[in-house]
Amino acid sequence: MRFYEYEAKALFARHGTPLPKGQVARTAAEAQKIAAGIGGPVVLKSQVLTGGRMKAGGVKFADAPADAEAAAKAILALEIKGQKPRGVLVEQRAPVAQEYFAAVTWDGRRKLPVLIFSDMGGIDIEEVAEKHPAHVARAHLSTILPWSAYRAKEAIVAVGVTGDDLNRLIPIVSTLVEVFLRYDLTLAEINPLGKLADGRFLVLDGHVDLEGDARDKHAKLLEELGIGKEETREARPPTAFEIKGAQVDASDHRGVAGNVREFDGDLGLVIGAGGGSLTLFDAIRKHGGRPANYCEIGGNPSVRKACDLTKLILSKPGVKKIAVMMNVVSNTRVDIVARGVIKGCVESGRDPAETIAIFRIPGAWEDDGFTILRKYGVEYCDRTVSMDEAAGRAVAKMARA
Amino acid sequence: MPGMFIDVEVDAKTAGDTALAKKLTEVCPVNIFAQEKDGRLRIVGENLDECVLCDLCVQAAPAGTVRVVKLYER
Amino acid sequence: MSILINKDTTVIIQGITGREAVNLTREGLDYGTKIVGGVTPGRAGRDVYGVPVYDCVRDITAKQQVDGSIVTVPPRFTRDAVFEAIEAGVKLIVIVTERIPRGEVAQMVELARLRGARIIGPNCLGILSPDEAKMGGLGGPAVNVRRAFKKGPIGVMSRSGGMTTEIANTLSAAGLGQSTAVSIGGDAIIGSTYAELMPLFEADRETRAIVIYSEPGGRMEAELADWVRENKSRLPIVAFMAGRFMDEMPGMRFGHAGTIVEGKADTTVDKIERMKAAGIAVAERIEDIPALVKERLRGH
């Protein structure tokens, strides 16, 4: 879960990390006031959850408060990669002598966090690592032994930093590691970490990603930072359809009928489970089908949940039929899902036999499930029909619909 | 009112037995049974289709007095 | 033969009185797994389908050898339960629980490494050696397991629990039984990756080929490709890659917690390329897997 820059900086500030004077503004007038309060040149930055702000025109400089107001107005009106800015961050602008890079992230292979430090900040770190390997230092961290600042020192020294710079950098980098570990972050990055002409260091830009599964654990922090429970902070904000899908899933603790994603096709999908949904979505697309949605059912959802999910999908304009498919199930029950989707069709005023293009869920309680499907005239198949073939049949039916 | 898929039939005498009604309310994992104010058994219509066919209610009552009917087999 | 578990493996279940755990207990016992005890603090003295319940793991290990533990407690208690099992000397731990922050998973993995224990999962359905034993919900009730899983020469590893059964079922229908199937878990960090399990299959004389199910996200497939190249594996590998549509949708999470495209190395295109370069066959459809396996078995 990504933080906006101003939220990342607010988190760093709580731990004493030095930041430029500044504040986030929601309106141009507010930006003007903040700039006047700072006095002198300022930088204004669009608050979006995507990179490439500078290129897109989302970062501007102003020498006077009036210029700041104009710049903020332009930034607030500018969409970057489909995202409207949350606000504009107005910060004091100071001459920077050199830029550094510090980040902590996960090394999936080693299954440990890794601290990365470089004296070549401000540019893509992968590129620096490739072209100037001597300027990038890495240190893996233990997750069970206590963290100690000497590890940060070693990493900083490794790229050739010494003297006063070293002593000023150690607490900043060490704190970054502590923040990463304390809040279950998946990324804590300062880039650039600027060294000013007078020798002080400031966090010029920061990135923070918090693990989705740790949100509850850090609910208090998120609330204090003003991050709402409903904010998914993904590549794009959820649609109304997706929000309703999440409500269906949350309505009942039994099983999962979730991760509903909206697409613009005509074939509704009631599919599962995690891996099965990925496999089936690929298969539908490969056969030329146009999915109206993605979802994941599993964990033996209640009849009501499967029914409500079906109703939601059928309520989407343009959905002609639904395909109900899963891998061979052992926990989720075939008969329960069959009851749910048929009920969903009937409660939507649709004929299950016409509406359900195909039902392919073999496994637990399949005999009862197939009896139900036969009674309502729904086309179904057992485990001798592959997931790919079932998807193909559903798509073929759409062509005739 | 029966569900779309499942109906539960209870003999009048069993339904009037408040101790048994309490027991049925406890054993059903999907809350198909409830008790009226006077303790008599009440069937919760909207939960009938959630029945998982566990048979716990059938086993809890005197033989033959509670019947779970699969309407889709009719 | 099998890897990790067999008929004689003694198993305990931590969190045994929970709703899902009760199911796991019955399924395991029905399939012939030696479940010798369970742990739920405060419930000592009870039993679940005849399996005695204790307060602590040590109450069981003090009495007898415990080879493995299935951990199925809520996410916020999982690390503690796993630490307890590791420190009591249990060497194989299957973590069923999902939604554990990866920082805590890493702690469990690090302690396991220190103590010479192995973790499977989290967010997995466990291990199944056909006609031997199963640890976890893989395959479901014994009657369903017998329908989908047959004994034989194929090792299966999968990032999806459900797809483990789908693949085993497809292999069985084609006359290819399994030595052991492992649902390795769907999280970004897991106890045992494909490459970390390969030496076990390599050492198992009955295993003659490997089938894996993979997804976008993470470096596990690249790690496997490297392992195959560096170790000149005797085992042919056939892979199935799901979630190809995700390549076009960076930053969106589908399927499991670890399934997200954040960079080029996360894409299915990149993974397929790396695996093919290492000599791993990649099936386009699940039903193509058996023929690819047979073809490669003939070549060996």
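This is a short tour of a predicted model, chain by chain and contact by contact.

**Stop 1: chain B on its own**

Select chain B and colour by secondary structure. You should find three helices and four strands. Walk along the sequence and the pattern reads β-α-α-β-β-α-β. Now turn the C-alpha trace onto its principal axes: the spans come out at about 30 × 25 × 20 Å.

How does the radius of gyration of chain B agree with that of a compact globule? For 74 residues, a compact globule would have a value near 11 Å, and chain B has 11 Å, so the two agree. If you colour by burial, 30% of the 74 residues in chain B show up as buried. A contact map of chain B is worth a look too: take the contacts between residues at least 6 apart in sequence, and 56% of them join residues at least 24 apart.

**Stop 2: where chain B meets chain A**

Keep chain B and add chain A. The contact here takes six residues from chain B and eight residues from chain A. On the chain B side, those residues split into three nonpolar and three charged, with no polar ones.

**Stop 3: where chain A meets chain C**

Swap chain B for chain C. Here 40 residues of chain A are in contact with 46 residues of chain C. Which elements of chain A should you pick out? Those giving two or more residues to this side are helix H10 (274-286), strand S13 (293-298) and helix H15 (387-400) of chain A. Highlight H10(A) in particular, since nine residues, the largest share of this side, come from there. Colour the chain A side by residue class and you get 14 nonpolar, 15 polar and 11 charged residues.

**Stop 4: the sheet in chain C**

Hide chain A and stay with chain C. Look for an open sheet of seven strands with mixed pairing, in the order S3-S4-S2-S1-S5-S6-S7. At its edges sit strand S3 (47-48) and strand S7 (118-120) of chain C, each pairing on one side only.

Next, select residues 10-14 and 68-71 of chain C: these are strands S1 and S5, paired in the parallel sense over four bridges. Within that pair, Ile13(C) stands opposite Ile70(C) in S5(C).

Finally, add residues 19-30 of chain C, which form helix H1. What does helix H1 of chain C touch as it packs on the sheet? The list is S1, strand S2 (34-39), S3, strand S4 (51-54) and S5 of chain C. Draw the axes and the direction of H1(C) makes about 165° with that of S2(C).

Key. Residues are numbered from 1 along each chain as its sequence is written. Chains are lettered from A and ligands numbered from 1 in the order in which they are written. This is a predicted model: local features need pLDDT of at least 70, side-chain atom pairs count only at pLDDT 80 or more; totals for chains, interfaces and linings use all residues. Two residues are in contact if their C-beta atoms, placed from the backbone, lie within 7 Å. Ala, Val, Leu, Ile, Met, Phe, Trp, Tyr, Cys and Pro count as nonpolar, Asp, Glu, Lys and Arg as charged, and the others, Gly among them, as polar. Two strands pair if DSSP finds at least two bridges between them. Axes are lines fitted to C-alpha atoms, for helices over the stretch in contact, and angles run from 0 to 180 degrees between N-to-C directions. The radius of gyration is taken over C-alpha atoms; the globule rule is 2.2 Å times the number of residues to the power 0.38. A residue is buried if 20 or more other C-beta atoms lie within 10 Å of its own, exposed if 12 or fewer, and partly exposed in between; C-beta atoms are placed from the backbone.
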